[in-house]
Amino acid sequence: MAAEGTDAVFEDEVEPTLTISEYMDGIEAEELEVDLVLGGDDGDECTYGAGYLKRQAVFSCLTCVPDGVAGVCTACCLACHDGHEVVELWTKRNFRCDCGNSKFGGHLCKLNPEKDPVNPGNSYNQNFKGSYCTCSRPYPDPEAKEQVEMIQCCICEDWFHEDHIGLDSAEKIPCDEDGEPLFEDFICHKCSPVCSFLKLYPDSVLASSKQTSASPSQAVAADSNGMEGTEKNENGAPVDHQSVEKTSVKDNSTKDIAASESSNLGDNSAGNCKLGMDINTKSADSEKTMPFFMSKGWRETLCKCGTCTNFYAQRGIAHLTDKDDSIEEYEKMAKQKRKKKLEQQEGAEANFINSLNHVQKIEILSGINDMKNEFQSFLESRDPSKPVTPDEVQSIFKNLAKKKQRII
Ligand SMILES: [Zn+2]
Ligand SMILES: [Zn+2]
Ligand SMILES: [Zn+2]
Ligand SMILES: [Zn+2]
Ligand SMILES: [Zn+2]
Ligand SMILES: [Zn+2]
């Protein structure tokens, strides 16, 4: 995708409108974005040996596994599936590299061929087939007029178009004026029934998605409805019934909830429970389901008592109480690794310069000087209000090369 974009810039007849600093900033931003997705993994080694990683970049090769029921790590994507039809899945939690296992029909992994036939802990949503959202469209979508950004659900990890998440007209995604999201996590309408217990918590765990605030009486009731006031939550949970009624999304997950409720756990350690009640007694909402936008830091507020922890495990959402699971933590770790890498590079450059003898140093420095002079005279010779074109940049390097030849 990126390669196509770069080609297009240089082939295009129309002059791109970029200044040099914008161009450099763009490269820096692109590099950072790649590092954030890869989590600082340099893609040298297959991650299979490390087991199910809490989070990693995953790719699906439709050339090797057309059904989309397998995923490979970054290193395998590069080493074993070069030139194949690969779907980039961004990051997935709790995944182990499948490259070359029984799903690959004899296509062996070049990096780690010693793998079990399958990884039973992996799960594969429609993204592995290259489909996303309730509309099951590819991304980028060749039939869409423009590619809109999608939101990832922190439970099922599928991606959703903003128009397809089941918000009604009175609601919008919580964003600031610049369109930056004001929520930490998104829970899609298919997954929200599994998380209906979140209504037992104060409203502050939710980032508001209301364009016009709900009726004031409701808001006040919700605010005063602290952790202690849980008894009336069975019916008095801070639900916006107006918007619930308006939504057209169908709740198809009530069966799962009924099933897990029948397996109610015996040990009730409600004494240490933040909720002050057995989370299992929260009955399934019969109302239609709404997506949740979670406020910053909401994961830390979740109760970790024995009963609640068992409840999360039963529903397959134990990862919510793991701080390292969040994309935010993953990106923080990626940024740290990137910083280290850049520092090492700088160190290596300094070491390289120091290892040179005097004549070599002079040559390098005069090379840098030539470059500076060439840029300087280029910048002086042109109208600074006009953007720099790729042709102009190429001509600078041609001039430099000519100078080098004259010197030699
Ligand atoms: Zn691998
Ligand atoms: Zn492949
Ligand atoms: Zn491989
Ligand atoms: Zn969609
Ligand atoms: Zn979901
Ligand atoms: Zn609890």
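**Close-up views of a predicted model**

**View 1. Where the predictor is unsure.** Over residues 1–12 the pLDDT (the predictor's confidence in each residue, from 0 to 100) stays under 50, and the model has four contacts beyond four places in sequence for this stretch. Two residues are in contact if their C-beta atoms, placed from the backbone, lie within 7 Å. Residues 211–270 also have a pLDDT below 50, with 79 contacts in the model beyond near neighbours in sequence. Across the protein chain the pLDDT averages 77, and 76% of the residues score at least 70. This is a predicted model, in which local features need pLDDT of at least 70 and side-chain atom pairs count only at pLDDT 80 or more, while totals for chains, interfaces and linings use all residues. Residues are numbered from 1 along each chain as its sequence is written, and chains are lettered from A and ligands numbered from 1 in the order in which they are written.

**View 2. The whole chain, for orientation.** The protein chain has twelve helices and six strands. Helices (H or I, at least four residues) and strands (E, at least two) are DSSP runs, numbered from the N terminus. Buried residues make up 24% of the 408 residues. A residue is buried if 20 or more other C-beta atoms lie within 10 Å of its own, exposed if 12 or fewer, and partly exposed in between, with C-beta atoms placed from the backbone. Among contacts between residues at least 6 apart in sequence, 73% join residues at least 24 apart.

**View 3. Strands E1 and E2, side by side.** Strand E1 covers residues 53–61, and eight of its nine residues are buried, so E1 is largely enclosed by the rest of the structure. Seven bridges join E1 to strand E2 (residues 86–95), and the two run antiparallel. Strands pair if DSSP finds at least two bridges between them. To pick out one bridge, start at Leu53, whose partner in E2 is Phe95. Also in E2 is Trp90, which has a positive phi, near 60°, although it is not a glycine. Most residues other than glycine have a negative phi, and most peptide bonds are trans. Trp90 counts as partly exposed because it has 16 C-beta neighbours inside 10 Å.

**View 4. The largest nonpolar core.** A nonpolar core is a set of buried Ala, Val, Leu, Ile, Met, Phe, Trp, Tyr and Cys residues joined through C-beta atoms within 7 Å. The largest one here has 24 residues, and those with the most contacts inside it are Cys46, Val72, Cys73, Cys76, Cys97 and Cys99. E1, helix H3 (74–80) and E2 each supply at least two residues of this core, and E1 gives the most, with five. Val72 touches Phe59, Cys61, Cys77, Cys80, His81, Cys97, Asp98 and Cys99, leaving out residues up to four places away in sequence. Apart from this core lies another, of 22 residues, among them Tyr132, Ile155, Phe160 and Ile187.

**View 5. Glu85, in the loop between H3 and E2.** Glu85 is found in this loop and is exposed, because 12 other C-beta atoms lie within 10 Å. Its C-alpha atom is separated by 5.5 Å from that of Leu62, although the two residues are 23 apart along the chain. Not counting residues up to four places away in sequence, Glu85 touches Leu62 and Thr63.

**View 6. Backbone details in two further loops.** The peptide bond from Tyr139 to Pro140 is cis, with omega near -5°. Pro140 is found in the loop between E2 and strand E3 (150–152). Glu157, in the loop between E3 and strand E4 (159–161), has a positive phi of about 65° and is not a glycine. With 20 other C-beta atoms within 10 Å, Glu157 is buried.

**View 7. Helices H10 and H11.** Helix H10 (residues 327–355) has 29 residues that should span 42 Å at 1.5 Å a residue, and its end C-alpha atoms are 41 Å apart, which agrees. The expected span is 1.5 Å times one less than the number of residues in the helix. Two residues of H10 are buried, so H10 lies largely in the open. For the 23 residues of helix H11 (residues 358–380), the expected span is 33 Å and the end C-alpha atoms are 32 Å apart, in agreement. H11 is hardly covered, with zero buried residues.
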